[in-house]
Amino acid sequence: MAGELVDNKGRGDVAWQWPAIHPEGRKFGLIAVGISLLAAFLAWETIAWPMAFLSLGVFAFFRDPERVVPQDERAIVSPADGLVSLITQMEPPAELTMDDGSGTPALPNQPVTRISIFMSVFDVHINRAPIGGTVRRLVYIPGKFVNADLDKASEENERQHILIERQDGVAIGFTQIAGLIARRIVPFVKPGDTLAAGARVGLIRFGSRVDVYLPAGTDSKVLVGQKVIAGETILAEIGEQKLIEGVAQ
């Protein structure tokens, strides 16, 4: 129910282990395995072997490894695995800035730094909270499925906006964007949930993108072309002045 604590299991030191497969992907992998076994039983090798490799690919796509999240109140961690494809200055989407009548906080309607992270089919597609706090907004918008690497995908594709606010008033908005192959955004959280930094918030199936809107006056610590890891890579640090302003609020 709303208000429950969704904790992050990736805190602390962890040894390497085979990553778990998220339940959302097990059914797809088992279907591929079943088709492969049936084809093998019927001696349809031209189908059996490709389906066997496809099942391995599906399980790999839905892998859900544990992550060690930086324990730093200034850190804004990456919500997605992938490649930083664009860093630009622009206003957050209206769904994160307008007064929606619910009384929930909104982002300032002014240009801020946006970091776009492109996830290929080879990346982990579990998305994580960039900061710890309360989910204030979760807005789903249906749309097209153009290549997520294109800038227009932020405004035309199927997407979901999430706004998280810390106890000190600092808020981060980010957007999950479905891509050319991705056909569904699956949320794990809802408005009112309290998240730890790095907690799982959802996934996007089969290749997609996440846009992160940094607080005003916050600069990126990553570069275009850099590989980032969800829950571990620090995208930016909230400045001391921003922390003071948040406490004052």
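Let's start on the outside of the protein: I31 lies in helix α1, one of the elements that DSSP assigns (helices are H or I runs of at least four residues, strands are E runs of at least two, and both are numbered from the N terminus). The model is predicted, so local features need pLDDT of at least 70 and side-chain atom pairs count only at pLDDT 80 or more, while totals for chains, interfaces and linings use all residues. Residues are numbered from 1 along each chain as its sequence is written, and side-chain values use heavy atoms, with hydrogens and water left out.

**The nonpolar patch**

I31 is exposed, with a relative accessible area of 54%. Here exposed means over 50% relative accessible area, buried means under 20%, and partly exposed lies in between (1.4 Å probe, protein chains only). I31 joins I35, L38, F41, L42, W44 and I47 in a nonpolar surface patch of about 730 Å². Such patches take residues with over 30% relative accessible area and no salt bridge; nonpolar side chains (Val, Leu, Ile, Met, Phe, Trp, Tyr) are joined within 5 Å, and like charges within 9 Å. A salt bridge would be a side-chain nitrogen of Lys or Arg within 4 Å of a carboxyl oxygen of Asp or Glu. Helix α1 (residues 23-41) gives the most to this patch, with four residues.

**The chain as a whole**

The protein chain holds five helices and 16 strands. Of its 249 residues, 46% count as buried. Its accessible surface comes to about 12,300 Å², with 60% belonging to carbon and sulfur atoms; areas come from the Shrake-Rupley method with a 1.4 Å probe, and for residues only the protein chains shown count as cover. Among contacts (heavy atoms within 4.5 Å) between residues at least 6 apart in sequence, 77% join residues at least 24 apart.

**Strand β6 and its partners**

Strand β6 (residues 112-119) is mostly covered, with seven of its eight residues buried. Two strands pair if DSSP finds at least two bridges between them, and β6 appears in both pairings below.

| Strand pair | Sense | Bridges | Residues that stand opposite |
|---|---|---|---|
| β5 and β6 | antiparallel | seven bridges | L83 and F118 |
| β6 and β14 | antiparallel | six bridges | I117 and V210 |

**S208**

Strand β14 (residues 208-213) brings us to S208, which is placed in it. Is S208 buried or exposed? S208 is buried, with a relative accessible area of 0%. An unreviewed UniProt entry gives S208 the annotation "modified residue: Pyruvic acid (Ser)", and UniProt also places the feature "active site" there (unreviewed entry). UniProt positions follow the numbering used here, feature names are shortened, and annotations may be inferred rather than shown by experiment.
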